[in-house]
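Here's a walk through one chain, from its overall layout down to single residues. Keep the viewer open as you read.

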Amino acid sequence: MKKKRIFVHKCDWCNRELILNGKDSDSYVINGEFKYFCIIQTRGKPAERDCLKNYLKEIKKKNEYPIKKKLEEKKEQEEKEEEKKEKRLEARPRVLAKLDELNKFLKR
Ligand SMILES: [Zn+2]
């Protein structure tokens, strides 16, 4: 009789070994990054163990603040750049006018 191969994969959140197939298989979920997470839930009851949820919660916590801050910093920088550009544009005609005056003066 051919023995069925049992596949295992560690949970990417709690490192528990998950049995992926066979009669003793654990229930698990795979997310979009092909990471494995255990999930133990009886129908109609809150999950006893939901590693994907914990993982997502942690990611959210890690990402939320820096992204928001980065966006704000970027916006601030863009505003400063805009200001610089405006100042440069303002300054230019004045310099040209001065040059003009100088040329007139030299020609005299
Ligand atoms: Zn787990």
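Among contacts in the chain between residues at least 6 apart in sequence, 21% join residues at least 24 apart; a contact here is a pair of C-beta atoms, placed from the backbone, within 7 Å of each other. This is a predicted model, where local features need pLDDT of at least 70 and side-chain atom pairs count only at pLDDT 80 or more, while totals for chains, interfaces and linings use all residues. Numbering starts from 1 along each chain, following the sequence as written.

**Overall layout**

The chain has 5 strands and 1 helix, with helices (H or I, at least four residues) and strands (E, at least two) taken as DSSP runs and numbered from the N terminus. Going along the sequence, the pattern reads β-β-β-β-β-α. The chain is more spread out than a compact globule, because its radius of gyration is 32 Å, well over the 13 Å that the globule rule gives for 108 residues. That radius is taken over C-alpha atoms, and the rule is 2.2 Å times the number of residues to the power 0.38. Along the principal axes, the C-alpha trace spans about 110 × 35 × 20 Å.

Buried residues make up 6% of the 108 residues in the chain. For the cut-offs, buried takes 20 or more other C-beta atoms within 10 Å of a residue's own, exposed takes 12 or fewer, and partly exposed is in between, with C-beta atoms placed from the backbone.

**The sheet**

In what order do the 3 strands of the open sheet come? The order is S3-S4-S5, and the pairing is antiparallel. S3 (28–30) and S5 are the edge strands, each pairing on one side only. Two strands count as paired if DSSP finds at least two bridges between them. S3 and S4 pair over 3 bridges, and Val29 stands opposite Phe37 in S4. On the other side, 2 bridges join S4 to S5, where Ile39 has Asp50 as its bridge partner in S5.

The S3 and S4 hairpin has 5 residues between the strands, Phe34 among them with its positive phi near 60°. Phe34 isn't a glycine, and still its phi is positive. Another non-glycine residue with a positive phi is Asn15, near 65°, in the loop between strand S1 (8–10) and S2.

**The core**

Which residues make up the largest nonpolar core? It has 7: Cys11, Leu18, Tyr36, Phe37, Cys38, Cys51 and Leu52. Such a core is a set of buried Ala, Val, Leu, Ile, Met, Phe, Trp, Tyr and Cys residues joined through C-beta atoms within 7 Å. Strand S4 (36–40) and helix H1 (51–107) each supply at least two of the core residues. S4 gives the most, with 3 residues. In soluble globular proteins, nonpolar side chains tend to be buried together.

Leu52 ties in with the sheet residues too: leaving aside neighbours within four places in sequence, Leu52 is in contact with Val29, Asn31, Phe37 and Ile39.

**Exposed spots**

Some exposed residues are worth clicking on, and here are their counts of other C-beta atoms within 10 Å.

| Residue | Location | Other C-beta atoms within 10 Å |
|---|---|---|
| Asn15 | loop between S1 and S2 | 8, exposed |
| Asp24 | loop between S2 and S3 | 7, exposed |
| Phe34 | loop between S3 and S4 | 8, exposed |
| Gln41 | loop between S4 and S5 | 12, exposed |
| Glu90 | helix H1 | 9, exposed |

Why is Gln41 classed as exposed? Gln41 is exposed because it has 12 other C-beta atoms within 10 Å. Its loop runs between S4 and strand S5 (49–50). Not counting residues up to four places away in sequence, Gln41 touches Ala47, Glu48 and Asp50. Gln41 and Ser27 are 14 residues apart in sequence and 8.6 Å apart in space, C-alpha to C-alpha.

The other distances reach further into the chain. Asp24 and Ile67 are 43 residues apart in sequence, with 42 Å between their C-alpha atoms. For Glu90 and Ile39, 51 residues apart along the chain, the C-alpha separation is 63 Å.

Conventions: Two residues are in contact if their C-beta atoms, placed from the backbone, lie within 7 Å.
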